[in-house]
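Please look through the structure below, first as a whole and then part by part. The paragraphs after it go through its empty spaces, a helix and some of its strands.

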Amino acid sequence: MYGTFQNEPIVGFTDDKSRRLMQDAIKRVGGELGRDHPVIIADERIHTDHTIASRNPARLTQSLGVVYDGTPELVDRAVDAATEAFPSWSRLSFEERSRYLAKAAAMLRRRIYEFSAWMVYEASKSWPEAYGDAAEAVDFLEYYAREAVRMGEYHEMSPYPGEENELRYIPMGVGAIISPWNFPLAILCGMTAAAIVTGNTVVIKPAEQTPIVASKFWELLHHAGVPRGVVNLVTGPGETVGEALTGHAGIHFVSFTGSRDVGLRIYQRIATPVAGQRHIKKAVLEMGGKDAIIIDQDVNLDGAADGVVASAFGFQGQKCSACSRLIVHTKVYDAILPKLQERAARLTVGDPTNPENQMGAVIDADAYTKVSYYSAVGRAEAQLLFGGEDANEAPDGGYFVHPTIFVDARPDSRIAQDEIFGPLLTVIRAESFEEALVIANNSDYGLTGGVYSYNRENLALARREFQVGNLYLNRKITGALVGVQPFGGFKLSGTCSKAGGPDYLGHFVQSKAICERW
């Protein structure tokens, strides 16, 4: 019923038209700042006693809007609303539900600059990063709409005399969607779309740092006609709203993207049934990384340096796929360092409403403090090549951190092992490609990794032995495309659920075998 899936084109803002459209959207969204964004349960907008102001990380005096914190009691109401909506929604065919996603995708495509502008303000994304986030959300809607149609087709089993046998995929029930701030639209959209197109109903708990983007996404689904109670939005802290949601007897699955500690806490929490629970809860977890790129000898160092800097410092290094460790063959180690320094020095840092700034602010005070702390650790553990001292000041009233590069680090040092989630790159020397691979694998995480090499034997070795869910050869390690590079890792990076791939919708259904003897 749909054409072949194609990724939404990415705008690079090199032409006057796209720049004007984005500037107009930033101005228009700027005129909407300060509005209320309540909890939404079964289409009812609820104002609670406690509010917080969502603030621009790049301009701390600027309030973007007022957000209402939910409570455990409102979580109960939201789960009840989703439970009430489940029977009628789950009885629709996969094809019928997919049309809601297709409609939402068309609406989002028409409003893509507006949603991008909101992420410039609330997540401090540069123009290209914000647009890429919104384009990925369109991709998730379009891709999962098509995958749902495929899942809903008749699945005949091996023939058996005198019987008809088939396999059907049925929804699980009410799910909790706990989304991150670093891709506040794309990841929220992907997790939500996959859950509802397979017939489940959900309660969304967005990250506290980006609640307005989540509110705008709920409005998009509402305007696309998604029925009352299918998607509910409860904003608030993880310590209250998140805990109440993951521990609720009415929740059948939790889809989470965020930190390792929180993900493991959720995994542990849902493993123990609570009173009234008559099912085993399922977890779909994506929990970060400490990703490495290996640079082999005899490669194009300029191309490798471009890929490393883009991977390490895009969106201030706040991607779970970002390059945090660079492992370089000793024969090219000294040659690559000035190229990295030169490219890092060219990056401009500042308020991302200005298109000339390639890096905005880190997301909040905790992130700023953490990066500053690890800059101090890095000065004790390694040699500072570039940046570092800039992490101790917040110029212009924002959480700005300049790109920082430490070199000559030990593989077991803290800056080479701890997830920092900021613009800090650690460079490590390796005596051989085999040693580089051992260093790369010496991590709790297994999300993304990359290799720059012209040696076919070494590339083949990396294909076999590099312990990551997404391996990139001779290109940057960020920017996985829906339907092209299914995304998700293993080890302590998560459950390797492979978002944007043909297996992803299977995490949100149960399979039912049906046999009729004639």
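**Cavities, a pocket, a helix and strands**

The second largest cavity is lined by 15 residues, and those nearest its centre are Arg325, Ala440, Tyr445, Gly446 and Val468. The model is a predicted one. The volume of this second largest cavity is about 70 Å³. Three elements each supply at least two residues of its lining: strand S13 (291–295), helix H14 (433–441) and strand S18 (445–446). Sorted by class, the lining of the second largest cavity has 6 nonpolar, 5 polar and 4 charged residues.

How can such spaces be found? Rolling a probe the size of a water molecule over the atoms shows where empty space is left. In the whole structure, the search finds 4 cavities of 30 Å³ or more. The largest cavity holds about 100 Å³ of space. Its lining is made of 15 residues, and the closest to the centre are Gly317, Lys319, Ala322, Ser324 and Phe421. The lining of the largest cavity divides into 7 nonpolar, 4 polar and 4 charged residues.

Next comes a pocket. The second largest pocket has a volume of about 1100 Å³. It is lined by 37 residues, of which Trp181, Phe256, Gly258, Ser259 and Val262 are the closest to its centre. Helix H8 (238–246), strand S11 (251–257), helix H9 (260–270) and helix H12 (365–381) are the elements that give two or more residues to this lining. Which of the elements gives the most to the lining of the second largest pocket? H9 does, with 6 residues. By class, the lining of the second largest pocket has 14 nonpolar, 10 polar and 13 charged residues.

Now turn to a helix. Helix H2 covers residues 72–91, which makes 20 residues. From its first C-alpha to its last, H2 reaches 29 Å, close to the 28 Å expected at 1.5 Å a residue. Where does H2 bend? The bend, of about 40°, is at Ala85, and the proline Pro87 follows within four residues. Ala85 is also one of the buried residues of H2. The others are Leu74, Val75, Ala78, Val79, Ala81, Ala82, Trp89 and Ser90.

The strands come last. Strands of a sheet pair through backbone hydrogen bonds, either parallel or antiparallel. One open sheet has 3 strands in the order S6-S7-S22, and their pairing is antiparallel. Strand S6 (155–156) and strand S22 (509–517) are at the edges with a single partner strand each, so one side of each is left without a neighbour in the sheet. Strand S7 (residues 163–171) pairs with S22 over 9 bridges, in the antiparallel sense. One residue to look for is Glu166, whose bridge partner in S22 is Ile514.

Strand S16 (residues 404–407) pairs in both senses. With strand S15 (residues 383–386) it is joined by 3 bridges, and the two run antiparallel. Phe386 has Ile405 of S16 as its bridge partner. S16 is also joined by 3 bridges to strand S17 (residues 424–430), and these two run parallel. Here Thr404 stands opposite Leu424 in S17.

In a regular strand the side chains alternate between the two faces of the sheet. In S16, Thr404 and Phe406 point one way, while Ile405 and Val407 point the other way. Are these residues buried or exposed? All are buried.

Technical notes: Residues are numbered from 1 along each chain as its sequence is written. This is a predicted model: local features need pLDDT of at least 70, side-chain atom pairs count only at pLDDT 80 or more; totals for chains, interfaces and linings use all residues. Side-chain values use heavy atoms; hydrogens and water are left out. The expected span of a helix is 1.5 Å times one less than its number of residues. The bend at a residue is the angle between axes fitted to the seven residues ending there and the seven starting there. Buried means under 20% relative accessible area, exposed over 50%, partly exposed in between (1.4 Å probe, protein chains only). Two strands pair if DSSP finds at least two bridges between them. On a 1 Å grid over the protein atoms alone, a cavity is a set of points where a 1.4 Å probe fits but cannot get out, and a pocket is an open set with protein on both sides within 12 Å along at least five of seven lines; lining residues have an atom within 4 Å of a point. Grid points are joined across faces, edges and corners, and a volume is the space filled by probe spheres set on the points. Ala, Val, Leu, Ile, Met, Phe, Trp, Tyr, Cys and Pro count as nonpolar, Asp, Glu, Lys and Arg as charged, and the others, Gly among them, as polar.
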